[in-house]
Amino acid sequence: MAQPLTIEDLRVLAKRRVPRMFYDYADSGAWTEGTYRANEADFAKVKLRQRVAVDMTNRSLASEMIGQPVSMPVALAPTGMTGMQHADGEILAAKAAARAGVPFTLSTMSICSIEDVANHTQAPFWFQLYVMKDRDFISRLIQRAKKAGCSALVLTLDLQVLGQRHKDIRNGLSAPPKPTLANLINLAFKPRWCLKMLDTPRRHFGNIVGHVTGVADMSSLSNWTASQFDPQLNWDDIKWIKDQWGGKLILKGILDPEDAEMAARSGADALIVSNHGGRQLDGALSSIEALPGIVDQVGSRIEVLFDGGIRSGQDVLKAVALGAKGTFIGRAFLYGLGAMGEQGVTATLDIIRKELDVTMALCGLRDIKDVDERILVGGRAGAIKRLTAV
């Protein structure tokens with residue numbers, strides 16, 4: 001097998017190796033998938049200035065995200081059912097992230113539990129929280145994250161109701177997959193995935209099964225999750241969560257300057273500009289188009305992080321140039337995980353690191369901390385004009 005050189009190489013390999021329902025779960029968006037596609041495509045509208053005859057030696061990508069040192073301004077985003085892309089996926093991804101010196105974020109809807117990941121890794125990881133109606137369960141979940149040594153809580157705000165994802169419905173998405181004829185035929189062509197999955201006991205939602213009364217099988221779990229996401233979540237709830245947690249708090253799912261203002265006033269340490277990977281409100285702005293307005297609104301008062309559409313180190317550089325203090329990758333690392341397991345996540349991070357480093361050098365800079373609108377053709381105004389052009 002040839003060495004993967006791009007995230008696209010990993011995506012193609014993952015599509016061959018991961019069962020259809022789980023590949024589609026990662027590689028899809030809501031309704032028409034217009035926002036999902038725009039997240040990636042809009043990066044191409046932002047143009048970089050090439051500079052020459054400048055000293056390009058002694059380059060550094062080292063930075064900080066919420067005060068935590070990182071080897072580059074990149075973190076692994078929380079992604080549901082990561083352990084269905086590859087057996088023990090969350091543990092493998094966390095190990096690869098720690099080795100690379102970047103944060104890993106565990107989803108509430110992970111296959112491996114908080115305790116599983118903590119027991120198999122050394123570096124503290126971040127935990128992402130969905131707010132459920134069962135506040136006693138949420139309180140216990142927060143305490144479990146604290147006990148596991150999680151160094152930040154990422155509170156997702158944009159999933160009070162679930163955007164319809166047609167592929168998941170058509171595939172009958174479940175974890176583990178139901179033994180239907182179509183699934184069994186598809187699994188027969190994914191022997192590597194099946195052998196790895198047979199070798200692990202982690203096939204259910206580890207943070208939920210065994211931790212909620214009455215949730216012991218797939219039917220009760222499905223019913224519970226469908227009824228538990230809280231549509232009444234509001235800004236007053238954030239104070240309760242912040243008090244329960246007591247540590248670094250990041251608010252994920254901000255796409256509008258008015259919501260960014262509320263986030264800045266909430267006392268949170270950071271916000272993440274995100275449209276949930278185009279999986280919620282189809283027709284919303286791409287994350288990169290929304291980023292400049294949010295930075296203008298609150299960038300001096302709260303750390304602005306970025307999520308959505310990153311498929312290269314160049315994308316990371318463009319987001320940083322437009323004001324993001326750090327970025328998250330979701331699908332990019334899932335492609336690597338599905339393609340090659342832990343080695344694939346490492347490959348994802350290596351690809352992004354190399355592209356980020358070389359592109360920064362060709363833009364005439366040696367330190368990621370110096371990256372700003374100077375590297376953009378037309379500066380910030382030029383980038384915004386291209387992003388908003390019809």
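Two strands count as paired here if DSSP finds at least two bridges between them. I start there because that cut-off, at least two bridges, decides which strands I can call partners. The model I am showing is predicted.

Let me begin with strand β7, residues 249–254. On one side, β7 pairs with strand β6, residues 152–156, in the parallel sense and over four bridges. For a point of reference in that pairing, leucine 155 stands opposite leucine 251 in β7. Strand β8, residues 270–273, is also joined to β7 by four bridges, and these two strands run parallel. Here isoleucine 250 stands opposite alanine 270 in β8.

How is the handedness of the unit made by β7, helix α12 and β8 described? The β-α-β unit is right-handed, with α12 covering residues 257–265. As for β7 itself, six of its six residues are buried, so the strand is largely enclosed by the rest of the structure.

Next, helix α13. This helix has twelve residues and spans 16 Å from its first C-alpha to its last, close to the 16 Å expected at 1.5 Å a residue. Its buried residues are Ser287, Ile288, Ala290, Leu291, Pro292, Ile294, Val295 and Val298. Aspartate 296 is in α13 too, but at 55% relative accessibility it counts as exposed, because the cut-off for exposed is over 50%.

That brings me to charges. Side chains of opposite charge can pair when their charged atoms come close. How many salt bridges does the structure hold? There are 18 of them, and I will go through a few.

Aspartate 296 forms one with arginine 380, and the closest N and O atoms are 2.7 Å apart. This pair links distant parts of the chain: arginine 380 is in helix α16, residues 379–388, aspartate 296 is in α13, residues 287–298, and 84 residues separate them. Arginine 380 has 16% relative accessibility and therefore counts as buried, the limit being under 20%. Elsewhere, salt bridges with shared partners join Asp88, Asp116 and Arg202 into one network.

The next example is arginine 311 with glutamate 40, where the closest N and O atoms are 3.6 Å apart. Arginine 311 is in the loop between β9 (303–307) and α14 (313–321), while glutamate 40 is in helix α3, residues 34–41, so the salt bridge ties together parts that are 271 residues apart in sequence. Is arginine 311 buried or exposed? Arginine 311 is buried, with a relative accessible area of 13%. Glutamate 40 is partly exposed, at 38%.

My last salt bridge is a local one, within a helix. The side chains of arginine 11 and glutamate 8 meet at 2.8 Å, N to O. Both residues lie in helix α1, residues 7–17, and they are three residues apart, about one turn of the helix. Glutamate 8 has a relative accessible area of 42%, so this residue falls in the partly exposed class.

Finally, the surface. Which residues make the nonpolar surface patch of about 380 Å²? The patch is made by Leu181, Ile185 and Phe189. Isoleucine 185 lies in helix α8, residues 181–188. Its relative accessible area is 47%, so isoleucine 185 is partly exposed, and that value is over the 30% needed for a patch residue.

That is what I have for today.

Terms used
Residues numbered from 1 in each chain as written. Predicted model: local features only at pLDDT ≥ 70, side-chain atom pairs only at ≥ 80, totals over all residues. Heavy atoms only, no water. Patch = residues over 30% accessible without salt bridge, like charges linked within 9 Å, V, L, I, M, F, W, Y side chains within 5 Å. Areas by Shrake-Rupley, 256 points an atom, 1.4 Å probe, with all protein chains shown as cover. Salt bridge = Lys/Arg side-chain N within 4 Å of Asp/Glu carboxyl O. Buried < 20%, exposed > 50% of the residue type's maximum accessible area, 1.4 Å probe, protein only. Right-handed = clockwise from strand over helix to strand, strands pointing away. Expected span 1.5 Å × (residues − 1).
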